[in-house]
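Colleague: Could you take a close look at one part of this model with me? I'd like to get one helix and its packing partners straight.

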Amino acid sequence: KVASMVTNTMGSAISRLDTLNNFPKVMTALGYSAEEADSSVKLISDSLDGLPTSLDAAVGDIQKLAATMGNLNDGAVNATTVGLGLNNMFLAGGKGTEYASRAMEQYNQMLAAGKVDMQSWRTMLDAAPGQLDQLAKTLVGAEANSMDLYSALQQGTVSFDDMNAAIVRLNEEGGSNFASFEDQARSATGGIA
């Protein structure tokens, strides 16, 4: 059992080191500067400390977002900050990394298409219903819920740019009546594991 635990720990450490070394190379090959990629991977690594999301999973999600958004780490709202905010928002729902990963994939698909669809929205609701309501209250109004936000996105009164900016802000600052998505995620995932 001890040998198995050491092997698993070593495997995770090697995978993490490979990800830290390879991410800047991959992103540079895609046209981003080495400095931008280095800064992004450092922020990702630091932000995930103490959370159950693996570095490999977060890096993969952020690479997809960067391809969709065309912006890895430039300005306050970029693939890195949006990806980290979404990760925290979905973890804050308390359903774990599998739900968060599925919801992240669905969000990126909607973002790439530039429109919402109910199946993807339901996947996000499964992961973090309360946090989508918090996002709705921020973007649509104090009485709004997640379905009001869905309708606003469908009608174009709220854009994905608006949503991305709100996700980043709520991840860092929270809202008037709720903690930041980062604090909520840390609280929801705190435990022995």
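What is the handedness of the crossing of H3 and H4? And while you're there, walk me through how H3 packs against its partners.

Modeller: Sure, and bear in mind that this is a predicted model. The crossing of H3 and H4 is right-handed. H3 covers residues 55-69 and H4 covers residues 79-92, and their axes sit 9 Å apart at an angle of about 130°. That angle is why the two helices count as oblique to each other: it falls outside the range of 65 to 115 degrees for roughly perpendicular, and it isn't over 145, the cut-off for roughly antiparallel.

Now for the side chains there. H3 brings Ile62, Leu65, Ala66 and Met69 to this contact, and they meet Ala79, Thr80, Val82, Gly83, Leu84 and Leu86 in H4. Sorted by type, the residues of that contact come out as 8 nonpolar and 2 polar, with no charged ones.

Then there's H5, which spans 97-113. The axes of H3 and H5 come within 10 Å and cross at roughly 10°. With angles under 35 degrees counting as roughly parallel, H3 and H5 are therefore roughly parallel to each other. From H3, the contact uses Asp61, Lys64, Leu65, Thr68 and Met69, while H5 supplies Met104, Glu105, Asn108, Leu111 and Ala112. The residues here divide into 5 nonpolar, 2 polar and 3 charged. Look at Leu65 and Met69 of H3: they are on the list for H4 and also on the list for H5.

If you carry on past the end of H5, you get to Gly114, in the loop that leads to helix H6 (118-127). Gly114 counts as exposed because its relative accessibility is 52%, and the cut-off for exposed is over 50%. Its C-alpha lies 8.7 Å from that of Ser159, although the two residues are 45 apart in sequence.

As for the setting, the chain has 10 helices and 0 strands. Of its 193 residues, 42% are buried. Among contacts with a separation of 6 or more, 59% link residues 24 or more positions apart. The chain exposes about 9,800 Å², and carbon and sulfur atoms supply 50% of that area.

So, back to your helix: H3 is oblique to H4 and roughly parallel to H5.

How values were computed
Residues are numbered from 1 along each chain as its sequence is written. This is a predicted model: local features need pLDDT of at least 70, side-chain atom pairs count only at pLDDT 80 or more; totals for chains, interfaces and linings use all residues. Side-chain values use heavy atoms; hydrogens and water are left out. Helices (H or I, at least four residues) and strands (E, at least two) are DSSP runs, numbered from the N terminus. Buried means under 20% relative accessible area, exposed over 50%, partly exposed in between (1.4 Å probe, protein chains only). Axes are lines fitted to C-alpha atoms, for helices over the stretch in contact, and angles run from 0 to 180 degrees between N-to-C directions. A crossing is left-handed if the near helix is turned anticlockwise from the far one by less than a right angle, and right-handed if clockwise. Contact means heavy atoms within 4.5 Å. Ala, Val, Leu, Ile, Met, Phe, Trp, Tyr, Cys and Pro count as nonpolar, Asp, Glu, Lys and Arg as charged, and the others, Gly among them, as polar. Accessible areas come from the Shrake-Rupley method with a 1.4 Å probe; for residues, only the protein chains shown count as cover.
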